Amino acid sequence: MSKENFSELAKSILSNIGGEQNVTSVTHCMTRLRFNLKDESLVKEEKLKEIPQVLSLVKAGGQTQVVIGPTVDKVYAEVINITGLQVADKITMNFDEDIKKKPTLKSIGNGIINGITGSITPILPVFVVSGILKMFAFLLGPDIFNILSSDSDLVTLFNMIGDSVFYFLPVFIAYSAAKNFDCNRVISLLLALILVYPDMLSLVEAGESFSVYGIPMVLIDYTQAVIPIIINTWIFSYVEKFVKKIVPDTLRILGVPVLSVLVMLPIVLVVVGPLFTAFMSLVADGIIWISNTAGIIAITIIGGVWTLIIAVGMHLPILIALLPANIEIGYDAIVSPGTIATVFASFAVSIGYGIRARRKEDRAIGWGFLITYAFGKASEPLIYGLLLRNMKALAWTVIGGACGGLTMGLLSAKVYIFSSVGLPFMDPLRFGPDLIKGIIGSAVAFGVTLALSLVFGFENGEHKADLN
């Protein structure tokens, strides 16, 4: 598709979501345009669905999500060009607006989801780099291929880069959150760097007492903090606005940053950090408890229903919301294993449909789904083009994914790498030291789904999808 065609597609989408003036902000993930709109009632859902390149329309998490496929980034660029919005600008500005208009649990919940996703999504590339380099170190080291020793320079370098992402995670989060909440970037970075400054970490490690304006500080290691940094930055955005109002114009250059930092120090070090670190510890403890008491059931359910969670557009908020707790624990024993089981069940149903579909053109579509997902990292064409149109295909995927999740649960397989390590069929490498367990669970998901597909086949009917 040419640039002109992408531009026309962007114009068609905008005209059917109430026009560019109805767009507060827009972001995109691997396959979806994610709009925050002023008035969702202006969306012409049927007209949007009639656009050939639009695979589906999903409303979730306070967003209107238009599913495009692998070329979504090109459509997004044209949307930005037409609307004049900045790239991923002020995603969470609706948070305050929603609370003022509708102080409901739903509006607050949507604001929190947007706040977290808007602050973490832009830095996902560093997680990808970390994951892939840690994977290389794992594969090349003595645990798998034994090509390099554990203390070789290359393995050490890759591990250092991978670990540095999490060591300095507060800094990445602070920058992204500052852009998200539209406040001073460098002061936000300073407030995060205070938490990981070597002398501060030495105080924490030694357990030495320290106070801020005479108020005792709770000694906490913030090297992998996420939620406290987002909350700190959100509060800072208001502190900065207030300080700008009270500081004379002649003193703004010095007064605003200095006074803002002085106000924020006790908030960062005494209030927000300890409070939300304690909260995330409770969440982490809760996840560990679920894993220990009902982990097998939980993974089985995730493996079975994750396709449907993607279909309603809640997969990214769930993964991002759980990321801080998983980082604190050091692994994910529930959601990520279940999602990997779903991936291999999806591969299998695509192959099964490519073999068993009655019509030649439908079989070609099945192989197209496999290629699009396996090499284009886009599952939506498969979901909306086949699974939600063919109940047998959906059933085989659900059963196979659940069986794969069950197997991983029984084997206590844990995912230690929290990001993509390449193409979807490489996902078992994310299990790290539990690689064999992950491969077995993935093989079960694939094998059960493929067997059901080949033995029982699919519902008759034509299934069209735009794979471009």
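Colleague: What is the relative accessible area of Arg 359?
Modeller: This is a predicted model, in which local features need pLDDT of at least 70, side-chain atom pairs count only at pLDDT 80 or more, and totals for chains, interfaces and linings use all residues. Residues are numbered from 1 along each chain as its sequence is written, while side-chain values use heavy atoms and leave out hydrogens and water. Buried means under 20% relative accessible area, exposed over 50%, and partly exposed in between (1.4 Å probe, protein chains only). Arg 359 is partly exposed, because its relative accessible area is 33%.

Colleague: Nice. Which residue meets Arg 359 in a salt bridge of 3.4 Å, N to O, and is buried at 3% relative accessibility?
Modeller: A salt bridge here is a side-chain nitrogen of Lys or Arg within 4 Å of a carboxyl oxygen of Asp or Glu. Arg 359, Glu 361 and Asp 362 are linked in a network of such bridges. With 3% relative accessibility, Asp 362 counts as buried. The partner of Arg 359 at 3.4 Å, N to O, is Asp 362.

Colleague: How many salt bridges does this rule give?
Modeller: One of the pairs is Glu 8 with Lys 11, whose closest N and O atoms are 3.8 Å apart. Another joins the side chains of Glu 45 and Lys 59 at 3.2 Å, N to O. By this rule, the count of salt bridges is six.

Colleague: Which helix holds both Glu 8 and Lys 11?
Modeller: Both ends of this pair are partly exposed: Glu 8 has a relative accessible area of 46%, and Lys 11 has 43%. Helices (H or I, at least four residues) and strands (E, at least two) are DSSP runs, numbered from the N terminus. Three residues, about one turn, separate Glu 8 from Lys 11, and both lie in helix 1.

Colleague: And Glu 45 with Lys 59: how many residues apart in sequence are the parts this pair ties together?
Modeller: Their side chains meet in a salt bridge of 3.2 Å, N to O. Glu 45 lies in helix 2 (residues 45-50) and Lys 59 in strand 3 (residues 56-60), so the bridge ties together parts whose separation in sequence is 14 residues.

Colleague: Let's turn to helix packing. How do helix 14 and helix 16 lie to each other?
Modeller: Axes are lines fitted to C-alpha atoms, for helices over the stretch in contact, and angles run from 0 to 180 degrees between N-to-C directions. Those of helix 14 (residues 335-356) and helix 16 (residues 380-387) come within 11 Å and cross at roughly 50 degrees. Angles under 35 degrees count as roughly parallel, over 145 as roughly antiparallel, 65 to 115 as roughly perpendicular and the rest as oblique. Helix 14 and helix 16 are therefore oblique.

Colleague: Which residues of helix 16 meet helix 14?
Modeller: Contact means heavy atoms within 4.5 Å. From helix 14, the contact takes in Ser 346, Val 349, Ser 350 and Tyr 353. On the helix 16 side, the residues are Leu 382, Leu 386 and Leu 387.

Colleague: One last spot: which residues does Gly 131 touch, not counting residues up to four places away in sequence?
Modeller: Gly 131 lies in helix 6 (residues 124-140). With 2% relative accessibility, Gly 131 counts as buried. Not counting residues up to four places away in sequence, Gly 131 touches Ile 417, Ser 419, Ser 420 and Val 421.
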